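Grab a pencil and take a look at the structure below. We'll work through a few exercises together, one step at a time.

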Amino acid sequence: MKNIKFNESFFIIFSALASLILFLPIFLQDIVYLDRIFLPDDTYYTLTIARNIANGCGASIDCINKTSGFQPLITLFSIPAFLLTDNLYTPIKVAIGFSAIFGILTNVVMTLVYYKHTKNTVLSIIFGVFLIAFHNNILNYFNGLETSLAMFMGSLLIFMLQKYYGRSLSRVHILALG
């Protein structure tokens with residue numbers, strides 16, 4: 001079977017569209033469903049800190065004691081939702097939305113890395129579909145926390161190193177990166 005060659009744009013578009021097709025129906029679910037399936041307590045901890053920052057209390061859970069036990073970048077993304085609406089569900093959806101966006105970006109980058117590594121179109125498409133539909137990825141992409149951001153940054157690091165070295169990284173190099 002002859003391997004059909006596509007350029008990198010195909011994998012970017014394929015991965016982004018396939019992710020959206022799977023992720024959008026999940027994102028549009030009722031907040032009660034999303035809470036039951038995807039959101040750990042830490043999401044609400046982070047959102048409470050974001051709400052308190054928006055209300056002028058600073059980084060605090062109770063507006064009395066300051067805390068440093070949170071991921072500031074994800075918290076920063078959630079603050080505008082508290083400033084723009086009184087609806088308590090909107091900030092939750094915003095947090096989930098940011099997680100999902102970073103999940104989509106992770107899928108795009110990792111599918112591209114895989115294609116650049118294997119140069120095999122069919123295997124790259126299969127890998128991309130597996131990555132998009134993998135149960136643990138979906139759970140992490142919708143938890144409203146920094147997990148998908150960390151996954152995106154890790155995949156971007158692999159992509160940049162691959163580009164810097166001008167060749168695919170070996171499995172040993174990728175494993176060494178964590």
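Here are four exercises on this predicted model, each with a worked solution.

**Exercise 1. Check whether the length of helix α6 agrees with what you'd expect from its number of residues.**

Step 1: α6 runs over residues 121–133, so there are 13 residues to work with.
Step 2: The expected span is 1.5 Å times one less than the number of residues, and for α6 that comes to 18 Å.
Step 3: Now compare with the model: the end C-alpha atoms of α6 are 18 Å apart, which agrees.

**Exercise 2. Work out how the buried residues of α6 are arranged around its axis, and what covers them.**

Step 1: List the buried ones, using under 20% relative accessible area as the cut-off. You get Thr121, Ser124, Gly128, Leu131 and Ile132.
Step 2: Look at how they are spread: these residues cover an arc of only 95° around the axis, so they sit on the same side of α6.
Step 3: Recall a general point: an α-helix has 3.6 residues a turn, so residues three or four places apart point the same way.
Step 4: Turn to the other side of α6, where Ile126 and Phe130 are exposed.
Step 5: Find the cover. What lies over the buried residues includes α1 (8–27), α5 (89–118) and α7 (135–141).

**Exercise 3. Look at the N-terminal end of α6 and find its cap, then describe Lys119.**

Step 1: The cap is Asn120, which has a side-chain oxygen 3.1 Å from the backbone nitrogen of Val122.
Step 2: Lys119 is in the loop between α5 and α6.
Step 3: Check its backbone: Lys119 isn't a glycine, yet its phi is positive, at about 60°.
Step 4: Check its surface: with a relative accessible area of 43%, Lys119 is partly exposed.

**Exercise 4. Find the disulfide, give its handedness, and describe Cys63.**

Step 1: There's one disulfide in the structure, and it links Cys57 with Cys63, with an S to S distance of 2.1 Å.
Step 2: The torsion about that S-S bond is about 90°, so the disulfide is right-handed.
Step 3: Place Cys63: you'll find it in the loop between α3 (41–54) and α4 (72–84).
Step 4: Cys63 has a positive phi of about 65°, although this residue is not a glycine.
Step 5: Its relative accessibility is 36%, so Cys63 counts as partly exposed.

Definitions and conventions
Residues are numbered from 1 along each chain as its sequence is written. This is a predicted model: local features need pLDDT of at least 70, side-chain atom pairs count only at pLDDT 80 or more; totals for chains, interfaces and linings use all residues. Side-chain values use heavy atoms; hydrogens and water are left out. Helices (H or I, at least four residues) and strands (E, at least two) are DSSP runs, numbered from the N terminus. Buried means under 20% relative accessible area, exposed over 50%, partly exposed in between (1.4 Å probe, protein chains only). The arc is that of the directions from the helix axis to the C-beta atoms. Contact means heavy atoms within 4.5 Å. A polar contact is a pair of N or O atoms within 3.5 Å; within protein, one must be able to donate a hydrogen and the other to accept it, and residues adjacent in sequence count only if both atoms are side-chain atoms. A disulfide is a pair of cysteine sulfur atoms within 2.5 Å.
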